[in-house]
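The following exercises concern aromatic pairs and strand pairing. Please attempt each task before reading its solution.

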Amino acid sequence: MTPQELTPDYFFDLDNFAHNEIFHNINYVWDALRNINEYLINYIEENKSKYQHIGNEVYVGKNVKIEPFANIIGPVIIGDNSLIQSSVRIEGPVIIGEDSEVRSGAYIRGNVIIGDRCVIRSELKSSVFMN
């Protein structure tokens, strides 16, 4: 691959991704992970007032369902109409987009952005899942 083929604009359609700022001013797609913690902390702090605070630095949008025995430790934002099933563990900082599902058994270990309309059932750390 050429260096141009390793840029975020070559790999992704960033126009429709709410968190495309994380890809600004970087040379290669993996460079976004160097900035993810700072981006998440700043984004959550600047946007948490738009969500309902349910405790433990966890902020949720409208129609979010969190099933019993889900363990969420903030800072975390969960977008509208998302589902967190039972036996999920989420450790912030994490952003979960709208209309997304985190399925039973998932373990999200921080520094994670999950876009809109994603379905997750795995262990994640320092990751970006786009719409």
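**Exercise 1.** Determine how many aromatic pairs the structure holds, and classify the pair formed by Y28 and W30.

*Solution.* The model is a predicted one, and it holds two aromatic pairs. For Y28 and W30, the ring centres lie 5.0 Å apart and the planes meet at 10°. Rings pair if their centres lie within 6.5 Å, and planes under 30 degrees apart count as stacked; the pair of Y28 and W30 is therefore stacked. As to accessibility, Y28 has a relative accessible area of 28% and is partly exposed. W30, at 43%, also counts as partly exposed.

**Exercise 2.** Classify the pair of Y39 and Y43, locate both residues, and decide whether Y39 is buried or exposed.

*Solution.* The ring centres of Y39 and Y43 are 5.9 Å apart, with 25° between the planes, and this aromatic pair is stacked. Both residues belong to helix 2 (residues 32-47), where they are four residues apart, about one turn of the helix. The relative accessible area of Y39 is 11%. Buried means under 20%, so Y39 is buried.

**Exercise 3.** Describe the sheet, identify its edge strands, and state which residue of strand 9 stands opposite I84.

*Solution.* The sheet is open and consists of four strands in the order 3-6-9-12, with parallel pairing. Strand 3 (65-66) and strand 12 (119-120) each have a single partner strand, so one side of each lacks a neighbour in the sheet; these are the edges. Strand 6 (residues 83-84) and strand 9 (residues 101-102) run parallel and are joined by two bridges. Opposite I84 stands V102 in strand 9.

How values were computed. Residues numbered from 1 in each chain as written. Predicted model: local features only at pLDDT ≥ 70, side-chain atom pairs only at ≥ 80, totals over all residues. Heavy atoms only, no water. Phe/Tyr/Trp six-rings, centres within 6.5 Å; stacked < 30°, edge-to-face > 60°. Buried < 20%, exposed > 50% of the residue type's maximum accessible area, 1.4 Å probe, protein only. Pairing = 2+ DSSP bridges.
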